[in-house]
Amino acid sequence: MFEEAQYFAPVATRDDGSIEVELGAGHPGFADPVYRARRNAIAALAVGYVPGTPIPTAEYTDQEHEVWALVSRELGLKHHKYATAEYLRATERLGLPAERIPQLQEVSELLEPLTGFRYVPAAGLVPLREFYGVLEDGFFHSTQYIRHHSTPLYTPEPDVIHEVIGHANALASDRYSRLYRLAGAAARRVEGKEALEFISKIFWFTMEFGVMTDQGELRAYGAGILSSYGEIEEFRGMDIRPLDIAAMGTTHYDITKYQDVLFRAESLEHLEDVVGDFWATCDDESITRLIADVR
Ligand code: NLE
Ligand code: FE2
């Protein structure tokens with residue numbers, strides 16, 4: 001029940017000190033050596049990063065900027081139809097560039113005055129407790145490389161489009177960013193691995209892939225749906241279940257595919273009441289009880 005889908009890819013250091021970020025065989029860039037080299041070089045910028053210092057600049061190629069511009073345009077159109085009003089308001093507040101990839105430093109500087117959130121570059125593999133824990137302090141770990149140009153509509157791993165168009169826009173909302181911070185506080189409060197994984201699954205089915213009733217229809221607020229112009233066209237047809245802490249915390253998912261099980265909140269207040277309150281109050285004992293009830 002608790003096999004962990006890897007969120008960030010593992011990183012290996014080669015003998016010459018350069019790094020290799022693991023890439024699954026199903027990734028569209030798997031057989032493209034030029035892409036793999038770019039991904040490794042951009043990921044290397046994050047190695048040794050000290051929080052609070054400027055995030056190193058990634059010199060993106062024209063082709064990479066074009067991928068951003070294309071995805072940005074497609075998502076801009078689809079968000080009006082499929083994203084929640086709160087997310088749409090937050091995108092206006094943040095004001096990301098549409099024609100070029102913004103630097104993470106720039107994203108961080110746009111975000112901080114709004115909700116206090118700052119970006120931290122991640123080469124790969126950030127331990128769960130670290131990734132979630134620092135959310136409480138307003139730090140968000142982010143990849144800096146971009147998806148493969150052959151498949152702009154969907155990528156099976158977090159990339160700069162997902163982190164920024166999906167997450168930074170949501171983090172520009174006072175109410176969503178508060179939920180991220182509560183997830184962080186919960187992750188720090190628990191001691192057991194099972195409890196931490198339970199919290200991370202609630203995060204997955206809400207801040208990553210959450211949907212809710214909004215303006216009378218099913219709309220997405222989860223970053224993983226909002227960063228893919230392929231998946232965003234499909235989520236309304238998936239298996240939509242009622243928001244339920246025990247169910248979300250124990251349902252298996254595969255990060256590399258369109259999510260076929262989604263959980264629906266009835267409103268933003270409903271999400272805050274159920275998930276916000278859970279994160280604000282949960283501990284190892286209460287989570288163990290929830291898991292036992294499901295089994
Ligand atoms: N599938 C997402 C996208 O294509 O934007 C990225 C991974 C989200 C966990
Ligand atoms: Fe994400």
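Helices and strands are here runs assigned by DSSP, a helix having at least four residues and a strand at least two, and they are numbered from the N terminus. With that in mind, proline 156 can be placed in the loop between strand β4, which covers residues 139-142, and helix α6. The model in which we look for these elements is a predicted one, and what follows moves from the whole chain to its metal site and then back to this loop.

Taken as a whole, the chain has 12 helices and 8 strands. Its radius of gyration is 18 Å, close to the 19 Å that the globule rule gives for 295 residues, so the chain is as compact as a globular protein of that length. Along the principal axes, the C-alpha atoms fill a box of roughly 50 × 45 × 40 Å. Of the 295 residues, 56% are buried, and among the contacts with a separation of 6 or more, 68% are between residues 24 or more positions apart. The chain exposes about 12200 Å², of which carbon and sulfur atoms supply 52%. As for charge, there are 27 positive and 47 negative side chains, and the centres of these two sets lie 2 Å apart.

We can now turn to the iron ion (ligand 2), whose protein donors are Tyr7 through its OH, His162 and His167 through NE2, and Glu208 through two OE entries, lying 1.8 to 2.5 Å from the ion. Along the chain, these donors follow the spacing Y-x154-H-x4-H-x40-E. Histidine 162 and glutamate 208 link distant parts of the chain, since the histidine belongs to helix α6 (residues 160-171) and the glutamate to helix α8 (residues 193-208), 46 residues apart. Both histidine 162 and glutamate 208 are buried.

Helix α6 deserves a closer look, and the cut-off matters here, because a residue is called buried when its relative accessible area is under 20%. By that standard 12 of the 12 residues of α6 are buried, so the helix is largely enclosed by the rest of the structure. The buried residues of α6 include the iron donors His162 and His167, and also Val160, Ile161 and Leu171.

Finally, let us return to the loop that leads into this helix. Proline 156 has a relative accessible area of 14%, and it is therefore buried. Leaving aside its neighbours within four places in sequence, proline 156 is in contact with His27, Pro28, Ile255 and Thr256. Proline 156 and tyrosine 258 are 102 residues apart in sequence, yet they lie 8.8 Å apart in space, C-alpha to C-alpha.

Note on methods. Residues numbered from 1 in each chain as written. Chains lettered and ligands numbered in written order. Predicted model: local features only at pLDDT ≥ 70, side-chain atom pairs only at ≥ 80, totals over all residues. Heavy atoms only, no water. Donors = N, O, S within 2.8 Å, 3.2 Å for Na, K, Ca; no water. Buried < 20%, exposed > 50% of the residue type's maximum accessible area, 1.4 Å probe, protein only. Rg over C-alpha atoms; globule rule 2.2 N^0.38 Å. Contact = heavy atoms within 4.5 Å. Areas by Shrake-Rupley, 256 points an atom, 1.4 Å probe, with all protein chains shown as cover. Lys, Arg positive; Asp, Glu negative; His and termini not counted. Charge placed at Lys NZ, Arg CZ, Asp CG, Glu CD.
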